Amino acid sequence: MTEHLYFPTLLRMIDERSAAFRAAVAAAPSLDADVPSCPGWTLYDLANHLSEGDRFWAYIVLNTAPGDERPSKDGLAAPREREALITWLADSTEQLLTALREAGPDRGCWAWWEPLASPHTVAAVARRRVPESLIHTYDAQLASGTPQELPTTEAVDAIEEFLATVCTVTVPWPGEPATMDYHAAEAGSWRQTVDAAGSRFTRLTAAEAAESKPTAAIYGTASEMALLMYMRIPAGSLRMEGDADLLQQLQDWD
């Protein structure tokens, strides 16, 4: 994925998923409703987290450079009354989108991930915010009692963004070298390789996916695969082949 060519679509995805999040908050029985996928959090906590992230990254893309110290999130708490909270959420998203547009996709900025597969740029920040809005909308829907499948386009990008940003690292894998293949029925396949050099991923062609013999492989829809990667559904709900312990080892790996 060349993020800057995809930039307008990323902004649209953030906008649409954020609107869906607000709709879930508006429909929930209470802001004190538990979020089953985020143990210990209420719906208010979830909303505060998402809005805090939007405002935090809006500041980052306009005011930092690669290698800067991590900025503070102090003073970003959302209001607790529902109508005011929904307005706050909308304002938070607008702050983020305005900052992303103003900064432009190629500007460098601070980021917490290793700049291997995901660079420290505004475009990469925009791409990171899509699954944040996507997955947390699912969380809010769960709290509201109305969970929905993830939209396919956003789910597919969430899978690859997760592998690029979260899983591509130079931290040595503590076990034996291994490969995990992820097969999304309507979207293709990816391979994660872990060894002493760290973790990296490749996108597999249909022929490579058919002929590959990984340590383990897991199969599902794009929505299921993205939810699995963010540990919103259990691995046992999907079909797995090979070493059934590998996925849990990957999820436990710091």
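A pocket is an open set of grid points with protein on both sides within 12 Å along at least five of seven lines. The exercises below use this term on a predicted model.

**Exercise 1. The largest pocket**

Task: State the volume of the largest pocket, and find which helix gives the largest share of its lining.

Solution.
- Step 1. The volume of the largest pocket is about 870 Å³.
- Step 2. Its lining is made up of 34 residues, and nearest the centre lie Trp112, Arg128, Phe162, Val166 and Tyr230.
- Step 3. Helices H2 (43–63), H4 (122–144), H5 (152–166), H7 (222–229) and H8 (246–252) each supply at least two residues of this lining.
- Step 4. Helix H4 gives the largest share, 6 residues.
- Step 5. Sorted by class, the lining has 21 nonpolar, 5 polar and 8 charged residues.

**Exercise 2. A salt bridge between two helices**

Task: Arg129 and Asp54 form a salt bridge. Decide whether Arg129 is buried or exposed, and do likewise for Asp54.

Solution.
- Step 1. The side chains meet at 2.9 Å, N to O. Arg129 belongs to helix H4 and Asp54 to helix H2, 75 residues apart in the chain.
- Step 2. The cut-off for buried is under 20% relative accessible area.
- Step 3. Arg129 has 4%, so Arg129 is buried.
- Step 4. Asp54 has 2%, so Asp54 is buried.

**Exercise 3. Two further salt bridges**

Task: Locate the partners of the salt bridge between Arg232 and Asp139 and of the one between Arg203 and Glu160, and classify each residue by its accessibility.

Solution.
- Step 1. Arg232 and Asp139 meet at 2.7 Å, N to O. Arg232 sits in the loop between H7 and strand S5 (239–242) and Asp139 in helix H4, so the pair ties together parts 93 residues apart in sequence.
- Step 2. Arg232, at 19%, is buried, and Asp139, at 0%, is buried.
- Step 3. Arg203 and Glu160 meet at 3.2 Å, N to O. Arg203 is in strand S3 and Glu160 in helix H5, 43 residues apart.
- Step 4. Arg203, at 41%, is partly exposed, whereas Glu160, at 12%, is buried.

**Exercise 4. A hairpin**

Task: Describe how strands S2 and S3 pair.

Solution.
- Step 1. S2 covers residues 188–195 and S3 covers residues 198–204.
- Step 2. The two strands pair in the antiparallel sense over 7 bridges.
- Step 3. Ser189 stands opposite Leu204 in S3.
- Step 4. With 2 residues between them, S2 and S3 form a hairpin.

Technical notes:
Residues are numbered from 1 along each chain as its sequence is written. This is a predicted model: local features need pLDDT of at least 70, side-chain atom pairs count only at pLDDT 80 or more; totals for chains, interfaces and linings use all residues. Side-chain values use heavy atoms; hydrogens and water are left out. Two strands pair if DSSP finds at least two bridges between them. Helices (H or I, at least four residues) and strands (E, at least two) are DSSP runs, numbered from the N terminus. On a 1 Å grid over the protein atoms alone, a cavity is a set of points where a 1.4 Å probe fits but cannot get out, and a pocket is an open set with protein on both sides within 12 Å along at least five of seven lines; lining residues have an atom within 4 Å of a point. Grid points are joined across faces, edges and corners, and a volume is the space filled by probe spheres set on the points. Ala, Val, Leu, Ile, Met, Phe, Trp, Tyr, Cys and Pro count as nonpolar, Asp, Glu, Lys and Arg as charged, and the others, Gly among them, as polar. A salt bridge is a side-chain nitrogen of Lys or Arg within 4 Å of a carboxyl oxygen of Asp or Glu. Buried means under 20% relative accessible area, exposed over 50%, partly exposed in between (1.4 Å probe, protein chains only).
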